[in-house]
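Q: Could you take a close look at one part of this model for me, the second helix, and then set it against the packing around it?

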Amino acid sequence: MSVAADSIRDRQRIIWDQFAAGWKKWDAELLGWQAPFGDAVIQDARLQPDSIVLDVASGTGEPGLTAATLVPDGEVVLTDISAGMLRVAEEKASARGLANVSFSVCDAAELPFDDGTFDAVLCCFGVTFFPDMKAALREMVRTAKPGARISAAVWGRPAENPWASLILGTLAHHTELPSPPADMPGLFRCSPPGFMPRMFRDAGLVEVAERKVSTDLVHDSPESYWEFITDIATTVATGLAMADKEARLLIRSDVFQMLGRYEHQGALRLRSTATIVAGTRA
Ligand SMILES: C[S@@+](CC[C@H](N)C(=O)[O-])C[C@H]1O[C@@H](n2cnc3c(N)ncnc32)[C@H](O)[C@@H]1O
């Protein structure tokens with residue numbers, strides 16, 4: 001891996017370690033909101049009761065921990081670059097009494113597993129943060145058995161994701177921050193239609209298909225939404241940290257005002273859309 005990619009990866013590790021506490025704090029909300037995406041990824045992986053499964057960039061445990069309940073005679077290996085995020089996943093696994101899981105802190109681009117180890121490889125909202133996405137996909141394919149399914153979720157286009165684009169757009173409006181180059185980690189980097197299927201085919205996968213899954217992020221109040229987003233969304237929080245105090249206050253008040261558009265039956269409902277892409281190792 002190049003020196004630039006190494007330093008982006010190391011920066012990601014530091015950021016995600018810092019955000020592990022926020023992900024732990026909002027675990028119930030995150031699980032409720034993102035379950036439809038994880039379920040779709042698992043469905044497209046076609047797990048069997050004895051499947052040996054790899055979850056890449058598991059963070060605080062999904063979709064790996066849910067997959068573990070579906071493979072009672074198999075096992076799931078949960079991996080992530082951030083030991084802090086994976087520690088939360090480990091705590092959740094032991095609280096749930098899951099015995100068929102193990103954990104490994106590693107880079108998606110350098111997976112410490114033999115060729116052809118897994119029946120299925122899952123990855124929810126991880127690819128967009130990998131500095132070298134092609135290298136990570138190569139590793140996911142290498143460690144999959146012939147015939148194994150590889151299934152991932154990435155965020156769809158900004159317009160389909162006001163839960164994040166509302167605040168990122170306001171941030172860009174109030175600051176001089178340049179938009180990140182296309183090859184840098186960013187929430188919507190994998191969102192152009194056809195982008196992920198092309199990546200999967202280029203990595204040698206066959207029977208590649210993509211579909212969209214949508215759900216709402218629901219919060220009772222703008223305050224609750226703001227606290228949630230700034231606790232869990234690394235892209236938003238690092239952008240805000242680069243703005244000065246005055247700009248941060250303006251961004252907050254603009255966002256609160258715009259949130260009015262998303263009020264429905266006494267709650268804020270912000271659309272969230274992911275692309276689910278899956279393929280088979282030849
Ligand atoms: C948005 S979280 C997704 C966590 C989980 N899969 C979920 O859906 O809740 C992204 C995760 O990608 C991990 N990550 C970032 N870069 C990585 C890399 N190069 N290799 C492995 N994991 C990485 C982060 O540490 C973080 O836990």
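A: Sure, starting at the end of the helix: just after α2, R46 takes a positive phi of about 50°. Before going further, bear in mind that this is a predicted model, where local features need pLDDT of at least 70, side-chain atom pairs count only at pLDDT 80 or more, and totals for chains, interfaces and linings use all residues. Residues are numbered from 1 along each chain as its sequence is written.

Helix α2 covers residues 27–45 (helices are DSSP runs of H or I, at least four residues, and strands are runs of E, at least two, numbered from the N terminus). The helix bends by about 55° at Q34, with a proline, P36, following within four residues; the bend is the angle between axes fitted to the seven residues ending there and the seven starting there.

Among the buried residues of α2 are L30, F37, V41 and A45; buried means that 20 or more other C-beta atoms, placed from the backbone, lie within 10 Å of the residue's own. V41 also turns up in the largest nonpolar core, which has 66 residues, as one of those with the most contacts inside it, along with V53 and C123. Such a core is a set of buried Ala, Val, Leu, Ile, Met, Phe, Trp, Tyr and Cys residues joined through C-beta atoms within 7 Å. Strand β5 (residues 144–155) gives this core its largest share, seven residues. As for C123, leaving aside neighbours within four places in sequence, its contacts (C-beta atoms within 7 Å) are V56, A57, M140 and A152.

Key. Buried ≥ 20, exposed ≤ 12 C-beta atoms within 10 Å, placed from the backbone. Contact = placed C-beta atoms within 7 Å.
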